[in-house]
Amino acid sequence: MMCPDREAELNAYLDGTLPAADQAAVDAHLAQCAECRAALAQLRAVMAGARTLPPSIAPPHDLWGAIARRIAQREARGRRRWWRERTFWAGALAAAATLLIAFGLYRGATTRLPEQRARPGWVAIEADYEQAAADLARTLAAERGRLRPETVALVERNLRLIDAAIQESRAALARDPGNAELGQLVAAAYRQKVELLRWATRVATAT
Amino acid sequence: MAADPTDLVHRAQQGDHAAFEVLYRQHAGRVYALCLRLTGDPVAAEERTQDAFVRAWERLGSFRGESAFASWLHRLTVNVVFAALRAGRRRALRVVATAEPDALEQPTEDTGGPAPALDLERAVAALPPGAREVFVLHDVEGYRHEEIAHLAGIAVGTSKAQLFRARRLLREALNR
């Protein structure tokens with residue numbers, strides 16, 4: 001049995017990590033301690049044995065069938081998810097188009113009211129939505145590489161539509177700042193933009 | 001003639017299952033040996049081997065060819081095994097140790113030469129989990145303590161202590 005307090009030292013000696021200054025002390029100890037010499041020889045045998053273990057061992061069963069099945073299952077799940085994404089974006093696109101049409105109809109149908117002052121809370125609400133949309137857009141920009149290219153294209157197409165709706169609504173609101181319904185329409189478009197970005201970010205970070 | 005590994009990887013990256021099967025056939029033994037030694041359990045080793053190849057298929061896109069495919073797969077396998085070990089799956093099932101309790105009782109002459117491979121294989125499988133993983137990575141696979149500490153989520157000092165403990169236990173087991 002080796003001297004118990006020499007274990008770390010002898011291992012480091014064998015690994016070649018012992019400082020040169022300490023090697024002479026270990027050599028001196030080994031010269032007069034037969035048990036440590038025997039332990040060192042046994043450790044060397046263990047280490048030499050480890051290096052000669054076969055690098056390859058055939059699995060007892062052919063695992064390819066199970067691996068191929070698992071890969072096929074994952075691919076099928078991926079395809080289902082892709083169709084779900086497509087369905088979602090098709091719906092989002094239709095909703096954005098509806099919003100634009102509704103806005104157009106609204107603008108044509110509403111009667112101009114006398115000039116009123118804008119409600120003071122609106123600026124803060126708009127700033128909140130813009131901040132949220134900007135934060136999500138930054139996250140999405142960092143993660144967009146994880147989305148399928150066709151999904152990215154759909155997201156961008158939807159965002160362009162919603163941005164157009166926002167711009168048009170805001171222009172109308174600027175002309176008629178006291179119109180609460182116009183304000184609600186802008187807020188609805190912002191909400192849709194934030195929802196869309198939130199969804200895309202969640203999908204990207206979960207991929 | 002053996003298939004060109006670069007071409008196989010490229011084809012597998014394009015979704016070619018047949019090419020990936022050839023890669024599996026080429027590397028299964030190496031991956032299984034690593035999983036078996038790290039887990040000490042043939043059942044868990046088969047599961048981790050499957051996990052490693054499924055993960056490799058999913059991550060093939062991230063393989064850029066800077067290293068050899070074998071090295072990339074080896075590192076990925078170590079990560080898969082450690083993730084499973086951390087999740088605590090099947091730690092109790094150490095079939096080699098329990099199914100062959102006499103394996104460590106075989107007397108081995110102290111010749112100072114390399115330990116016989118089969119005895120050493122069994123003795124490694126019977127090591128306590130922390131010591132076994134460090135011994136396999138350091139003394140069998142040639143990893144450095146810093147790499148092991150990173151992979152296993154332990155301190156470098158712990159990696160060294162586990163290695164010394166593993167060698168001591170193996171020395172004792174092989175000299176009974």
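**Exercise 1. Work out whether the span of helix 3 (residues 34–51) of chain A agrees with its number of residues.**

Solution. In this predicted model, helix 3 of chain A has 18 residues, and at 1.5 Å a residue it should span 26 Å. The expected span is taken as 1.5 Å times one less than the number of residues. The end C-alpha atoms of helix 3 of chain A are 26 Å apart, which agrees with that expectation. As a further step, one can look along the helix for buried positions, and these include Cys36(A), Ala39(A), Leu40(A), Gln42(A) and Leu43(A). Further on in helix 3 of chain A, Ala45(A), Val46(A), Met47(A), Gly49(A) and Ala50(A) are buried as well.

**Exercise 2. Describe the secondary structure and the burial of each chain.**

Solution. Begin with chain A, whose secondary structure comes to seven helices and zero strands, so that the pattern read along the sequence is α-α-α-α-α-α-α. Of the 207 residues in chain A, 24% are buried. Among the contacts in chain A with a separation of 6 or more, 78% are between residues 24 or more positions apart. Turn next to chain B, which has nine helices and zero strands, and in which 43% of the 176 residues count as buried. For chain B, residues 24 or more positions apart account for 62% of the contacts with a separation of 6 or more.

**Exercise 3. Describe the side of chain B that touches chain A, naming the helices that supply its residues.**

Solution. The first step is to count the residues in contact, which are 34 in chain B and 32 in chain A. The second step is to ask where the residues of chain B come from: helix 2 (17–39), helix 3 (42–59), helix 6 (117–125), helix 7 (129–140) and helix 9 (156–174) of chain B each supply at least two. Helix 2 of chain B gives the largest share, nine residues. The last step is to sort this side of chain B by class, which yields 17 nonpolar, seven polar and 10 charged residues.

**Exercise 4. Decide how helix 2 of chain B is oriented to helix 4 (residues 69–86) of chain B.**

Solution. Two packed helices are described by the angle between their axes and the distance between the axes. The axes of helix 2 and helix 4 of chain B come within 10 Å and cross at roughly 30 degrees. Because angles under 35 degrees count as roughly parallel, helix 2 of chain B is roughly parallel to helix 4 of chain B. The crossing of these two helices of chain B is right-handed. From helix 2 of chain B, the residues that meet helix 4 include His27(B), Val31(B) and Leu38(B), while those of helix 4 include Leu73(B) and Val81(B). By class, the residues of this contact divide into seven nonpolar, four polar and one charged.

**Exercise 5. Place Tyr143(B), decide whether it is buried or exposed, and describe the two helices on either side of its loop.**

Solution. Tyr143(B) lies in the loop between helix 7 and helix 8 (145–152) of chain B. Tyr143(B) has 21 other C-beta atoms within 10 Å, and because 20 or more are required, Tyr143(B) is buried. Leaving aside neighbours within four places in sequence, Tyr143(B) is in contact with Leu137(B), His138(B) and Ile148(B). Helix 7 and helix 8 of chain B pack at an angle of about 140 degrees, with their axes 10 Å apart, which makes helix 7 oblique to helix 8 of chain B.

Technical notes:
Residues numbered from 1 in each chain as written. Chains lettered and ligands numbered in written order. Predicted model: local features only at pLDDT ≥ 70, side-chain atom pairs only at ≥ 80, totals over all residues. Helix = DSSP H or I, 4+ residues; strand = E, 2+ residues; numbered from the N terminus. Buried ≥ 20, exposed ≤ 12 C-beta atoms within 10 Å, placed from the backbone. Contact = placed C-beta atoms within 7 Å. Nonpolar A, V, L, I, M, F, W, Y, C, P; charged D, E, K, R; others polar. Axes fitted to C-alpha atoms, helices over the stretch in contact; angles between N-to-C directions. Parallel < 35°, antiparallel > 145°, perpendicular 65-115°, else oblique. Left-handed = near helix turned anticlockwise from the far one by under 90°.
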